[in-house]
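Here's a quick tour of a two-chain model, starting with how the copies meet and ending with the strands. Have the viewer open while you read.

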Number of protein chains: 2
Amino acid sequence: MKPLYIIKIGGNVIDNSENLYHFLKDFTAIDGYKILVHGGGKVATQLSDKMGVQTQMVDGRRITDIETLRVVTMVYAGLINKNIVAQLQRFGTNAIGLTGADGNFIKAKKRPVKTIDYGFVGDLDGTSVNAENISALMQAGFTPVFCALTHDGDGQMLNTNADTIASALAVSLSRHYETTLIYCFEKKGVLQDIDDEDSLIRDIDPARYEELKKQQIIHSGMLPKLDNAFAAIGSGVKAVIIGKSDDLKQFSKNEPFGTRLSL
Amino acid sequence: MKPLYIIKIGGNVIDNSENLYHFLKDFTAIDGYKILVHGGGKVATQLSDKMGVQTQMVDGRRITDIETLRVVTMVYAGLINKNIVAQLQRFGTNAIGLTGADGNFIKAKKRPVKTIDYGFVGDLDGTSVNAENISALMQAGFTPVFCALTHDGDGQMLNTNADTIASALAVSLSRHYETTLIYCFEKKGVLQDIDDEDSLIRDIDPARYEELKKQQIIHSGMLPKLDNAFAAIGSGVKAVIIGKSDDLKQFSKNEPFGTRLSL
């Protein structure tokens, strides 16, 4: 199987034009099949404010009413996605900007209303990603750039978490490619001491993960991130790497980069 | 050569959800390769107003300063394009929504400043359309849906007239496909008597066109439209059809539709 790299970036890359510029240059330098997944950053909230649309967050998640869906469709699929694509083209990556509706690539189910109505938010399951269609697009010579939007297959766009999209793509495409999933975030990776960027842990396998949890080195916010990563690895993804976008050039040179989770 | 249909829609389809619904259903019913090109409609102006961005028009053309470019990128490539794509998917068309930056499909040149500075507006020439890349996308099973945006190849998005994009695509792809270009507009086609929708002229060849101009049946606003259409035909496009979007179902059933211009 040929290697595939799926790389997810968030606000700390998107909201800073210098970070974004360097990231897209380093992304271009990576050989082989690759997919970029990006979140929304601050722009959606700024535009909502300008338009008088209230941003409602519950547990760090945006409640997506119909007005908010219009805003995120404009910002994620329009402004952010197309500016990333135009810059990638300048560096020589033949990018195509996408939502899950395009090519029917990612079909989600609207989240059922329980105690909270999240509105037009889409959840993914094992059947959501159309790996054959995405593979056809990559085989035709294009590099997919996904934003955090999906559809329900019945004409409705839905808002879906970018981390979740990246993970679902990786699991589904690992049947066709030797897939590595890379999450860029604000730290160099998983740190032994959260205040010391030099205390980076290079490799974590499931046994080490259990140790680190027992020692309370990994706790709170990192736990669901790493649980999800090991779940992806258990479902066929070769490795998950968590690292800083600034350091991605090391990865393109085959040098150690971030924290690598694998079996 | 296999047939290809390039269909352009404007505000009278986009701004009316019922018209759009029927159009997309009829578009899906057309067999063979096809490309949809859409303009912007009223939404861009409405959003500009909401955001306090002034809309400046000169001779019916939008002056695209950097704020206006942000608005049209959000509205054309985000809101309108992705809603069209999600609806086409519901009808079974495997659509992918695009700007000219995606796949490096349409590279424009920023319009030089003469008496008027149009801002971030891109003009096309004979080398703008990458027919090979678009063909690769269609061969992979996807139906392109283009909005009225291009790029300069150097990281900058540009605003480009949708009629111009449709015509440039048709000319360039006519080397690979037997290409018919269809403009949907508010009338049934070219009318003998502008106030009588039953006076539709079915076929116009260059000789008939000269006659109709002499008799002043075709004048003012229709002249540049038809001049451009015959220029496209002179450059390899098989036929240009001008008709009403409501009547497109006739076309999918191989019944007469609109006014057909050809050699």
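What follows covers the interface, the symmetry and some of the strand pairing.

Keep in mind that this is a predicted model.

**Where the chains meet**

Let's start at the interface. On chain A, 36 residues make contact with 36 residues of chain B. Which elements of chain A each supply at least two residues of the side that touches chain B? They are α3 (43–51), α4 (66–91), β5 (95–98) and α5 (131–139). Of these, α4(A) gives the most, with 14 residues. As for chemistry, the side of chain A that touches chain B is made up of 15 nonpolar, 15 polar and six charged residues.

**How the copies are related**

Now for the symmetry. A turn of 180° with a shift of 0.0 Å along the axis lays chain A on chain B, and the RMSD is 0.0 Å. The two copies are thus related as by a two-fold rotation axis. The interface tells a matching story: 100% of the interface residues of chain A are interface residues in chain B as well, so the copies meet through the same surface.

**Strands in chain A**

Next, have a look at β1 (residues 3–9) of chain A. Is this strand largely enclosed or largely open? Six of its seven residues are buried, so β1(A) is largely enclosed by the rest of the structure. β1(A) pairs with β11 (residues 178–185) of chain A, in the parallel sense and over six bridges. It also runs parallel to β2 (residues 33–38) of chain A, and six bridges join these two. A:Leu4 is a handy residue to click on: it stands opposite A:Thr179 in β11(A), and it also stands opposite A:Tyr33 in β2(A).

**The sheet in chain B**

Over in chain B, eight strands form an open sheet with mixed pairing, in the order β5-β8-β2-β1-β11-β13-β14-β12. Which strands sit at the edges? Those are β5 (95–98) and β12 (203–204) of chain B, each of which pairs on one side only. At the β5 end, β5(B) pairs with β8 (residues 143–146) of chain B through four bridges, in the parallel sense. Within that pair, B:Leu98 stands opposite B:Phe146 in β8(B).

Here are the strand pairs side by side:

| Strand pair | Sense | Bridges |
|---|---|---|
| β1(A) and β11(A) | parallel | six bridges |
| β1(A) and β2(A) | parallel | six bridges |
| β5(B) and β8(B) | parallel | four bridges |

Terms used
Residues are numbered from 1 along each chain as its sequence is written. Chains are lettered from A and ligands numbered from 1 in the order in which they are written. This is a predicted model: local features need pLDDT of at least 70, side-chain atom pairs count only at pLDDT 80 or more; totals for chains, interfaces and linings use all residues. Two residues are in contact if their C-beta atoms, placed from the backbone, lie within 7 Å. Ala, Val, Leu, Ile, Met, Phe, Trp, Tyr, Cys and Pro count as nonpolar, Asp, Glu, Lys and Arg as charged, and the others, Gly among them, as polar. Copies are superposed by least squares on the C-alpha atoms of residues with pLDDT of at least 70 in both. A residue is buried if 20 or more other C-beta atoms lie within 10 Å of its own, exposed if 12 or fewer, and partly exposed in between; C-beta atoms are placed from the backbone. Two strands pair if DSSP finds at least two bridges between them.
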